[in-house]
Amino acid sequence: MRILAVGDVVGKAGCEFFRSQISRLRQEYALDMVIVNGENSAEGNGITTPSAKFLFSSGADVITTGNHALRRRECYEIYERRDGVIRPANFHPDAPGEGYYIFDAFPHSVAVINLLGQVYMDAVESPFDCVDRILEKIDTPIILVDFHAEATAEKIAMAYHLDGRVSAVFGTHTHVQTADEAIFPKGTGYITDLGMTGPIHSVLGVKPEIALYKMRTHLPVRFENGTDPCKLGGVIFEIDEKNGKTDKIFRLNIQ
């Protein structure tokens, strides 16, 4: 089966660009499933019920998040409904929602796990120990992991930790697509970062003048997202349904 994982969708512009592209991509690549990181899909940052609904109605099957998952209190209801929006599994147990989701891609089931890195990030449980515990509960060979992390070494280490046990590990969070897509020795597909879906002329989705002011002065600012033109970053994994191994992997960078 073919699964598209789409990198961090940023703001209204990113959501609208995703919507404008996904129907064509589904048809062109005969996609069976689309996973989208939506933790910055609301204007500013975070995710809200409207931005999640927009992504689902546009063509997302599962929405993952990251360190901004709980940024907005009003988003808690989308996790509590447990209908395809997940947050990092290694958050504190008091966090709403779940860290993994089983998607029914008839006649197959696909598990999607969301993890948060520890290096240069908020204090959370070890993602390595957390994912080991989750894998004991999952009964499907097709498993994909969104590892929302800052450090490239931590992402690569996770891929080796999970090689042969999951179908794919893809990194999110840095908003810059890497060119290291690969299939690891035991069959796990991998890329360090999917990239971003949002405004091209921006600093990771934020208007350049605002990001520059923040970096030069270190004073508080209110981030505003950029606008058109936009790009979509992602990766398509072609996975063997019987053994869960990745057979092919290729990047998408659409403008």
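Student: How many disulfides does this structure have?

Tutor: The count comes to 0 disulfides, where a disulfide is a pair of cysteine sulfur atoms within 2.5 Å. Keep in mind that this is a predicted model, in which local features need pLDDT of at least 70, side-chain atom pairs count only at pLDDT 80 or more, and totals for chains, interfaces and linings use all residues. Residues are numbered from 1 along each chain as its sequence is written, and side-chain values use heavy atoms, leaving out hydrogens and water.

Student: How do you know that C15 forms no disulfide?

Tutor: The closest cysteine sulfur to that of C15 belongs to C230 and is 10.0 Å away. The cut-off is 2.5 Å, so that is too far for a bond. Seen from the other side, C230 is in no disulfide either, with the sulfur of C15 as its nearest, at 10.0 Å.

Student: Why are C15 and C230 called buried?

Tutor: Buried means under 20% relative accessible area, exposed means over 50%, and partly exposed is in between (1.4 Å probe, protein chains only). C15 has 4% and C230 has 5%, so both count as buried.

Student: How do you know that the length of helix 1 agrees with what is expected?

Tutor: Helices (H or I, at least four residues) and strands (E, at least two) are DSSP runs, numbered from the N terminus. The expected span is 1.5 Å times one less than the number of residues. Helix 1 has 18 residues (11–28), so it should span 26 Å, and its end C-alpha atoms are indeed 26 Å apart. The residues buried in this helix include C15, F17 and F18. Just after helix 1 comes A30, with a positive phi near 50 degrees.

Student: What makes the rings of Y29 and F250 a pair, and which kind are they?

Tutor: Rings of Phe, Tyr and Trp (its six-membered ring) pair if their centres lie within 6.5 Å; planes under 30 degrees apart are stacked, over 60 edge-to-face, and the rest tilted. For Y29 and F250 the centres are 5.7 Å apart and the planes are at 45 degrees, so this pair is tilted. The two residues are 221 residues apart along the chain, with Y29 in the loop between helix 1 and strand 3 and F250 in strand 13. The whole structure has 4 aromatic pairs, and ring pairs also link Y160, F184 and Y190 into a cluster.

Student: Is F250 buried, exposed or in between, and what makes it so?

Tutor: Its relative accessible area is 26%, so F250 is partly exposed.

Student: And what makes Q255 exposed?

Tutor: Q255, in the segment after strand 13, has 65% relative accessibility, so it counts as exposed. Its C-alpha atom is 4.3 Å from that of K231, 24 residues apart along the chain.

Student: How do you know that T188 is buried?

Tutor: T188 sits in the loop between strand 9 and strand 10. Its relative accessibility is 0%, so it counts as buried. A polar atom of its side chain lies 3.5 Å from the backbone oxygen of L162.

Student: Why does S202 count as buried too?

Tutor: S202 has a relative accessible area of 18%, so it is buried. This residue lies in the loop between strand 11 and helix 6, and a polar atom of its side chain is 2.9 Å from the backbone nitrogen of G205.

Notes: A polar contact is a pair of N or O atoms within 3.5 Å; within protein, one must be able to donate a hydrogen and the other to accept it, and residues adjacent in sequence count only if both atoms are side-chain atoms.
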